Amino acid sequence: MEIVIVQHKDEAAKIAADIVESYVREGKTLGLATGSTPLGTYQELIRRHREQDLSFRDCQAFLLDEYVGLPRSHEQTYYQTIRREFTSHIDIDDAQVHSPDGTAEHPGEAARAYDRSIGDAGGVDIQILGIGSDGHIGFNEPTSSLQSRTRIKTLHPDTVRDNARFFDDDESKVPHHVMTQGIGTIGEARHLLLLAFGENKAEAIAAMVEGPVSAMCPASALQMHEHVTVIVDTAAASGLKHTQYYNYALENKPTWQAF
Ligand code: GLP
């Protein structure tokens with residue numbers, strides 16, 4: 001894992017956008033995440049699209065997860081969210097922005113079909129990830145199999161509470177079931193780019209980076225991946241004990257820029 005610690009999340013957004021841009025310019029397949037964490041990166045990519053001719057026309061995108069039971073027209077579906085926050089502001093073909101079908105009559109079959117569709121597209125080249133305060137990625141809550149595939153999961157009450165802010169602060173409006181790429185599915189993306197900001201994420205980041213590989217911290221599975229970049233602000237990094245191993249490795253540049 002390459003760990004980059006920055007002072008402010010704006011700096012993280014620029015570094016993350018640099019990484020994603022290099023894939024976009026080659027028309028690669030993007031793995032997108034929702035949540036507040038990647039928003040700065042999306043805004044920076046939108047700016048580069050508008051001001052620097054960054055074109056997404058040759059890209060396709062796969063979302064990590066979706067609530068089960070919300071109609072696609074609901075503004076809090078991830079289908080709508082990613083369009084509102086990102087893809088409707090760039091020139092990607094909307095038909096190439098894929099997400100799990102949380103309305104499917106046979107969710108198990110729809111989940112397997114989604115997993116297959118990622119493989120049929122040649123896999124994800126760059127996967128953007130946030131992290132839940134309990135260490136979840138996508139919606140893979142603690143105890144998720146580290147080899148899991150896209151499937152239905154039940155949210156932990158803490159995650160329901162965390163996400164109530166998007167549902168008028170009313171936990172009863174938050175769906176309790178979701179369809180999420182599995183940890184095994186996510187792990188097949190060729191480059192994982194995980195962002196985390198704020199003290200609320202410090203414990204999860206410490207467990208992910210320095211803890212044992214364990215289903216109790218699903219993000220710790222990233223330790224087994226060959227190409228992971230983690231960009232955190234100082235607050236999210238505050239639980240790390242071994243920072244001498246991390247950060248700007250050569251000439252004050254992250255190694256992917258130095259080489
Ligand atoms: C949700 C999403 C995750 C996201 C997490 C953190 O659970 N399914 O993909 O990483 O929230 O959200 P935020 O970035 O808003 O802290």
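Helices here are DSSP runs of H or I with at least four residues, numbered from the N terminus, and the lining of a pocket consists of residues that have an atom within 4 Å of one of its grid points. With those terms in place, the tour of this predicted model can begin at the pocket.

Select the largest pocket, which has a volume of about 590 Å³, and centre the view on Gly35, Ser36, Thr37, Arg165 and Lys201, the closest to its centre of the 30 residues that line this pocket. Colouring the lining by class will show nine nonpolar, 15 polar and six charged residues.

Next, add the helices that take part in the lining: H1, H2 and helix H5 (157-163) each supply at least two residues, and the largest share, four residues, comes from H2.

Now hide H5 and keep helix H1 (residues 9-24) together with helix H2 (residues 39-52), whose axes come within 8 Å and cross at roughly 60°. Because of that angle, H1 counts as oblique to H2, and the crossing of the two helices is right-handed.

To see what fills the contact, show the side chains on both helices. On H1, select Ala13, Lys14, Ala16, Ala17, Asp18, Val20 and Glu21, and on H2 select Gly40, Thr41, Glu44, Leu45 and Arg48, since these residues make the contact. Coloured by class, the contact of H1 with H2 has five nonpolar, two polar and five charged residues.

Key: Residues numbered from 1 in each chain as written. Predicted model: local features only at pLDDT ≥ 70, side-chain atom pairs only at ≥ 80, totals over all residues. Heavy atoms only, no water. Axes fitted to C-alpha atoms, helices over the stretch in contact; angles between N-to-C directions. Parallel < 35°, antiparallel > 145°, perpendicular 65-115°, else oblique. Left-handed = near helix turned anticlockwise from the far one by under 90°. Contact = heavy atoms within 4.5 Å. Nonpolar A, V, L, I, M, F, W, Y, C, P; charged D, E, K, R; others polar. 1 Å grid on protein atoms, 1.4 Å probe; cavity = no way out; pocket = protein on both sides within 12 Å on 5 of 7 lines; lining within 4 Å. Points joined across faces, edges and corners; volume = space filled by probe spheres on them.
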